[in-house]
Amino acid sequence: MLIRNWMTPRVLTVTPDTSLLKIGKLMKDNNVRRIPVVDRDGNVKGIISDRDVRDASPSKATTLDMYEMHYLLAEIKASDIMTPKPITVKPTDTVEKAAMLMLDNKIGGLPVVDAEGILQGIISEQDVFKALVNITGVREGGFQLGFAIANRQGAMRPIFDMLRRRGARILSVLSSNNNDGERHIFIRLREMESHDAEKELVEEIKEYCNLLYWAKNEVHLA
């Protein structure tokens with residue numbers, strides 16, 4: 001999955017000299033949690049989150065009067081509160097890479113830039129969630145099988161033979177490595193012709209490998 005297919009291409013931006021007052025209003029009016037800071041040529045210079053705005057804003061317990069507070073908010077600029085040189089990704093990077101960078105660095109979004117560093121969009125944790133929902137096929141319904149098999153070449157062939165023999169139609173296949181020499185496989189299938197046909201498939205897979213669970217509307221642990 002490429003970032004260019006999941007990012008938000010039309011991005012609200014500010015310049016380094018945009019006031020905190022304006023930044024806060026832009027975020028509130030447009031319901032966004034982060035804003036890239038760009039120069040006149042569109043080069044990304046930093047990024048500002050809603051937390052940056054909150055941390056820089058006067059406390060509700062402040063003794064400043066309304067005029068003093070307004071002046072203070074107008075004097076603080078984007079360059080004063082932004083995270084400079086933010087982590088960025090390219091449109092042709094994968095969504096998985098963006099998710100890993102956000103997870104490892106505990107951030108909720110990344111500016112997407114071209115080879116020259118010009119802003120092309122932004123990808124957020126919400127975009128990653130959308131991609132996950134799409135790739136798993138969960139909105140299509142059906143049912144899912146989770147099982148563990150040996151991490152060796154050809155181990156999945158009997159599973160696919162079972163599915164083909166029973167006319168099962170695959171929506172998605174995901175897998176993850178396990179430290180004990182196994183792989184965990186998660187297959188989502190379209191609904192089969194009957195509940196009995198699904199149960200028979202579950203039982204056949206149980207005989208071949210370690211079935212972890214199967215799920216249709218609710219999860220059934222093996």
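1. In this predicted model, strands β9 and β10 pair in the antiparallel sense, and four bridges join them. Within this pairing, Ala-215 has Val-219 in β10 as its bridge partner. The two strands, β9 and β10, form a hairpin in which one residue lies between them, and Asn-217 in the turn has a positive phi of about 70°.

2. The wider setting is a sheet. This sheet is open and has five strands, which follow the order β7-β8-β6-β9-β10 with antiparallel pairing. Its edge strands are β7, covering 170-177, and β10, covering 218-221, each of which pairs on one side only. On average, and with direction ignored, neighbouring strands of the sheet are turned by 15° against each other.

3. Another pairing in the sheet deserves a look of its own. Strand β6, residues 143-150, pairs with strand β8, residues 182-189, in the antiparallel sense, and eight bridges are found over this pairing. A reader following the strands can locate Phe-147, which stands opposite Ile-185 in β8.

4. Which strands does α7 touch as it packs on the sheet? Helix α7 touches β6, β7 and β8, and its direction makes about 15° with that of β8. Helix α8, for its part, lies across β6, β8 and β9, the last of these spanning 210-216, and runs at about 10° to β6.

5. The two helices also pack with one another. Helix α7 (residues 157-165) and helix α8 (residues 195-208) pack at an angle of about 160°, and their axes are 11 Å apart. Because angles over 145 degrees count as roughly antiparallel, α7 is described as roughly antiparallel to α8. The crossing of α7 and α8 is right-handed.

6. As for the residues involved, α7 contributes Pro-158, Ile-159, Met-162, Leu-163 and Arg-165, which meet Leu-201, Glu-204, Ile-205 and Tyr-208 in α8. Of the residues in this contact of α7 with α8, seven are nonpolar, two are charged and none is polar.

7. A last point concerns charged side chains. Side chains of opposite charge can pair when their charged atoms come close. The structure holds 15 salt bridges, and one of them joins the side chains of Asp-29 and Lys-25, with 2.6 Å from N to O. Both Asp-29 and Lys-25 lie in helix α1, which covers residues 20-30, and they are four residues apart, about one turn of the helix.

Key:
Residues numbered from 1 in each chain as written. Predicted model: local features only at pLDDT ≥ 70, side-chain atom pairs only at ≥ 80, totals over all residues. Heavy atoms only, no water. Axes fitted to C-alpha atoms, helices over the stretch in contact; angles between N-to-C directions. Parallel < 35°, antiparallel > 145°, perpendicular 65-115°, else oblique. Left-handed = near helix turned anticlockwise from the far one by under 90°. Contact = heavy atoms within 4.5 Å. Nonpolar A, V, L, I, M, F, W, Y, C, P; charged D, E, K, R; others polar. Pairing = 2+ DSSP bridges. Salt bridge = Lys/Arg side-chain N within 4 Å of Asp/Glu carboxyl O.
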